[in-house]
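Student: Walk me through one loop in this model, please, starting with the backbone and then moving out to what surrounds it. I'd like a close look first and the wider picture after.

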Amino acid sequence: MTAVIVIEGVVILLLAVLVAGLLKSHAEILRQLNALGVAEDGSVAGTPAPSGRKTTGFEKAPATTLTGVDTSGADVVVSLEHGRGNTLIAFLSSGCLSCETFWHEFSGDFDLPTPDTRTVIVTKGPESESPAKVGELAPPRLPLLMSNQVWDLFRVPMTPYFLLVDGSGQVVGEGAAASWRHLLGLLRQSQADAAGPGQADNRNRQPSDEDLRNAGVHPGDPSLYEKPVNRD
Amino acid sequence: MSRLERSGIEVEVPVGWEGSISGGGLELADGARESTVLHLASFPLPAGRGTFGSDAVELMNGQDVFMALLEYGPESADSPLFAAQGIPRRLQTRQFDRDALQRALPGQSGLQLFFTHRGRAFCLYIVLGSHVDRADILPRVNAVLDTLEIR
């Protein structure tokens, strides 16, 4: 009997140690994710989390003509004011683990949810990035610009980071994306935001305080306390 | 407005245009220098395009311009093909031809000129998006050529 109790005690102790270890491991994982800027719900810190909310504060791109070099050393000028559709600027790095997905996806046949969108990849300049290494990653069919100046001008907060600009240089949306799917969602949201509230389905939308004020209904108005008419 | 500058070649890039300039510095194994190639376009330029605009001219609309300036070796300077002296400026509509295209695309018009300037030999190749509208497009081409300097 004593032996059974001892064995049970040992088993319980071992289970307790196991649970403690698992909890510690989980806590460490959460700490590491937090350090990378990923919240528990999977959203990335600094990401508007497909709301299209701007994080650099730019209404218009700080530069609509981007100058730098390509991976072969050629001097390059890229325009954001070409007037024919949007430009998706993808700020990527050769050493960024999260950027690997985007280097890979941009090298294949990809479709973006925003129409007439041209993708331009921007990395830091040759002073900060290896042209050879970037060249190995560079999608063969996309324009790529290496420029510290552009990086600084756009106040790129992290990599990967994306900015969607229309043909006149206006910023339509921006944000970080942790995955290809996340980027597509960000673009869809930017497109929806740019389309404006008129495109949304307002049937079930509750009127905001501003809507009521605009309609001449102020706090204390009797209509706010009337029972709704049954229209059945 | 931006400028492209390399190997003594300078040009202003108009707002909304794109461009690139490469070569001119690298010495090749046979002692020759890598050719300088300048591209200018009034439309978004694709990566991986050919020296004379293949894979780019296909993207042009009727109002677009593509320009390529290619330097040849010093042995070509003042040779018969490159006998014309000085940078071509103030181009005329009659100089453009539907058949003067490296890649013949419907409606487009082209011009290819060879010249020597300050002992350097060049080919200037220009594609207009529309032969019919070349009179409307040409002023923008000439405005760019007015800013082209070769030292």
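Tutor: B:Ser7 sits in the loop that links S1 and S2 of chain B. Keep in mind that this is a predicted model, so every angle and count below is computed from it. The phi of B:Ser7 is near 55°, a positive value in a residue that isn't glycine. Why flag that? Most residues other than glycine have a negative phi, and most peptide bonds are trans. As for its surroundings, B:Ser7 has 19 C-beta neighbours inside 10 Å; burial takes 20 or more, so B:Ser7 counts as partly exposed.

Now the strands on either side. S1(B) and S2(B) make a hairpin with two residues between them, and B:Ser7 is in that turn. S1 covers residues 2-6 and S2 covers residues 9-13; the two run antiparallel and are joined by five bridges. You can follow the pairing by eye: B:Ser2 has B:Val13 as its bridge partner, and B:Leu4 has B:Val11. The hairpin also belongs to an open, antiparallel sheet of three strands, in the order S1-S2-S8 of chain B. S1 and S8 (149-150) are the edge strands, each pairing on one side only.

Chain B has another residue with this kind of backbone angle. B:Asp78 isn't a glycine, yet it has a positive phi of about 65°. You'll find B:Asp78 in the loop between S5 (65-72) and S6 (109-117) of chain B. B:Asp78 has 14 C-beta neighbours inside 10 Å, which means that it too falls in the partly exposed class.

Strand S3 of chain B (residues 18-22) takes us over to the other chain. S3(B) pairs with S2 of chain A in the antiparallel sense, over three bridges. One pair to click on is A:Val77 with its bridge partner B:Gly19. Looking at the chain contact as a whole, 18 residues come from chain A and 18 residues from chain B. On the chain A side, the elements that give two or more residues are S1 (65-69) and S2 (75-79) of chain A. S2(A) has the largest share there, with five residues. Sorted by class, that side of chain A holds eight nonpolar, six polar and four charged residues.

While you're on chain A, here's how it is laid out. Chain A has six helices and seven strands, and along the sequence they follow the pattern α-β-β-β-α-β-α-β-α-β-β-α-α. The chain is divided into domain 1 (1-36) and domain 2 (65-195), and the C-alpha centres of those two domains lie 46 Å apart. Buried residues make up 31% of the 232 residues in chain A. Of the chain A contacts between residues at least 6 apart in sequence, 66% join residues at least 24 apart.

Next, the inside. The largest nonpolar core has 72 residues, and those that touch the most other members are A:Ile89, A:Ala90, A:Leu145 and A:Phe162. The element that gives the most to this core is in chain B: strand S7 (residues 120-128), with six residues. As a general matter, nonpolar side chains tend to be buried together in soluble globular proteins. For a closer view, pick A:Phe162: leaving out residues up to four places away in sequence, its contacts include A:Leu88, A:Ile89, A:Ala90, A:Leu183 and A:Leu186.

Two of those contacts, A:Leu183 and A:Leu186, are also among the buried residues of helix H5 in chain A. The rest of that buried set is A:His182, A:Leu187, A:Ser190 and A:Gln191. The spacing fits a familiar rule: an α-helix has 3.6 residues a turn, so residues three or four places apart point the same way. The buried residues of H5(A) pack against S6 (161-165) and S7 (171-176) of chain A. The length of H5(A) checks out as well, because at 1.5 Å a residue its 16 residues (180-195) should span 22 Å, and the end C-alpha atoms are 23 Å apart, which agrees.

One last backbone feature is in chain A. The peptide bond from A:Thr159 to A:Pro160 is cis, with omega near -5°. A:Pro160 has its place in the loop between H4 (148-153) and S6 of chain A.

How values were computed:
Residues are numbered from 1 along each chain as its sequence is written. Chains are lettered from A and ligands numbered from 1 in the order in which they are written. This is a predicted model: local features need pLDDT of at least 70, side-chain atom pairs count only at pLDDT 80 or more; totals for chains, interfaces and linings use all residues. A nonpolar core is a set of buried Ala, Val, Leu, Ile, Met, Phe, Trp, Tyr and Cys residues joined through C-beta atoms within 7 Å. A residue is buried if 20 or more other C-beta atoms lie within 10 Å of its own, exposed if 12 or fewer, and partly exposed in between; C-beta atoms are placed from the backbone. Helices (H or I, at least four residues) and strands (E, at least two) are DSSP runs, numbered from the N terminus. Two residues are in contact if their C-beta atoms, placed from the backbone, lie within 7 Å. The expected span of a helix is 1.5 Å times one less than its number of residues. Ala, Val, Leu, Ile, Met, Phe, Trp, Tyr, Cys and Pro count as nonpolar, Asp, Glu, Lys and Arg as charged, and the others, Gly among them, as polar. Two strands pair if DSSP finds at least two bridges between them. Domain bounds come from an automatic or database domain assignment.
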